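Student: I have a new structure to look at and don't know where to begin. Can you walk me through it?
Tutor: Fine, let's look at it together.

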Amino acid sequence: MIKLHFSMSELLHSDIAEKYNIYNIPEKKDLDNLLILICECLEPIRLYINKPMIISSGYRNPRLNAHPLIGGATNSQHCTGQAVDFTIKGMTPKQIIEKIKASGVEVDQCVNERNCWVHLSYNKGKNRNQYFEIT
């Protein structure tokens, strides 16, 4: 049995959902996408960098995504279980992204968001391998 470094609960957790009683449970297709994201993207990156990834945002249903405190894009991959936002203690987003590039792990988008966290998405069979920064 393979031990994964990620749990479904950490990819579903949201302080905002809890505070505002928003039921943030994915549909089956979104859950399948989360499992693919973990197995084909997050876990290989975690093993390559060899440091814990602190997930700040994973799956967000459309209601949670539209909450004013989140203000997510209507087409956000968070709503399909294909994206996470994270940090790694002791590393800047720029350093994290350089490591991800060096890992050779395929990604859809890898974004340095405001130099505060990394947004990482994976879209099996349709990855664009885009790397950019939002200031």
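Student: Let's start with the largest pocket. How do its lining residues divide into nonpolar, polar and charged?
Tutor: Nine are nonpolar, 13 are polar and six are charged. Keep in mind that this is a predicted model.

Student: How much space lies in that pocket?
Tutor: About 600 Å³. It is lined by 28 residues, and the closest to its centre are Arg60, Ile70, His78, Asp85 and Glu113.

Student: Which elements give two or more residues to the lining?
Tutor: They are α2 (15–19), β1 (54–57), β3 (109–113), β4 and β5 (130–134). The largest share comes from β3, with three residues.

Student: Just before β3 there's a loop. Where does Asp108 lie?
Tutor: Asp108 is in the loop between α5 and β3.

Student: Is Asp108 buried or exposed?
Tutor: Asp108 counts as buried, because its relative accessibility is 1%, and the cut-off for buried is under 20%.

Student: What does Asp108 touch, apart from residues up to four places away in sequence?
Tutor: Asp108 touches Gln77, and also Ser121, Tyr122, Asn123, Lys126, Asn127, Arg128, Asn129 and Gln130.

Student: New topic: the core. How many residues are in the largest nonpolar core?
Tutor: There are 26. Those with the most contacts inside it are Cys41, Leu42, Ile45, Val84, Phe86, Ile100 and Leu120.

Student: Which elements supply at least two residues each?
Tutor: α1 (8–12), α3 (28–49), β2 (83–87), α5 (93–103) and β4 (117–121) do. Helix α3 gives the most, seven residues.

Student: Why would nonpolar side chains be found together like that?
Tutor: In soluble globular proteins, nonpolar side chains tend to be buried together.

Student: Take Ile45, then. What is it in contact with, leaving aside neighbours within four places in sequence?
Tutor: Ile45 is in contact with Met53, Ile100, Ser103, Val105 and Leu120.

Student: You listed a cysteine in the core. How many disulfides does the structure hold?
Tutor: Zero.

Student: Why is Cys110 not in one?
Tutor: The closest cysteine sulfur to that of Cys110 is in Cys41, and at 8.2 Å it is too far for a bond. A disulfide needs the two sulfur atoms within 2.5 Å. Cys110 counts as buried, at 0% relative accessibility.

Student: And Cys116, why is there no bond there?
Tutor: Its closest cysteine sulfur, in Cys110, is 15 Å from the sulfur of Cys116, so that is too far as well. Cys116 is partly exposed, with a relative accessible area of 46%.

How values were computed: Residues are numbered from 1 along each chain as its sequence is written. This is a predicted model: local features need pLDDT of at least 70, side-chain atom pairs count only at pLDDT 80 or more; totals for chains, interfaces and linings use all residues. Side-chain values use heavy atoms; hydrogens and water are left out. A nonpolar core is a set of buried Ala, Val, Leu, Ile, Met, Phe, Trp, Tyr and Cys residues joined through side-chain atoms within 4.5 Å. Buried means under 20% relative accessible area, exposed over 50%, partly exposed in between (1.4 Å probe, protein chains only). Helices (H or I, at least four residues) and strands (E, at least two) are DSSP runs, numbered from the N terminus. Contact means heavy atoms within 4.5 Å. On a 1 Å grid over the protein atoms alone, a cavity is a set of points where a 1.4 Å probe fits but cannot get out, and a pocket is an open set with protein on both sides within 12 Å along at least five of seven lines; lining residues have an atom within 4 Å of a point. Grid points are joined across faces, edges and corners, and a volume is the space filled by probe spheres set on the points. Ala, Val, Leu, Ile, Met, Phe, Trp, Tyr, Cys and Pro count as nonpolar, Asp, Glu, Lys and Arg as charged, and the others, Gly among them, as polar.
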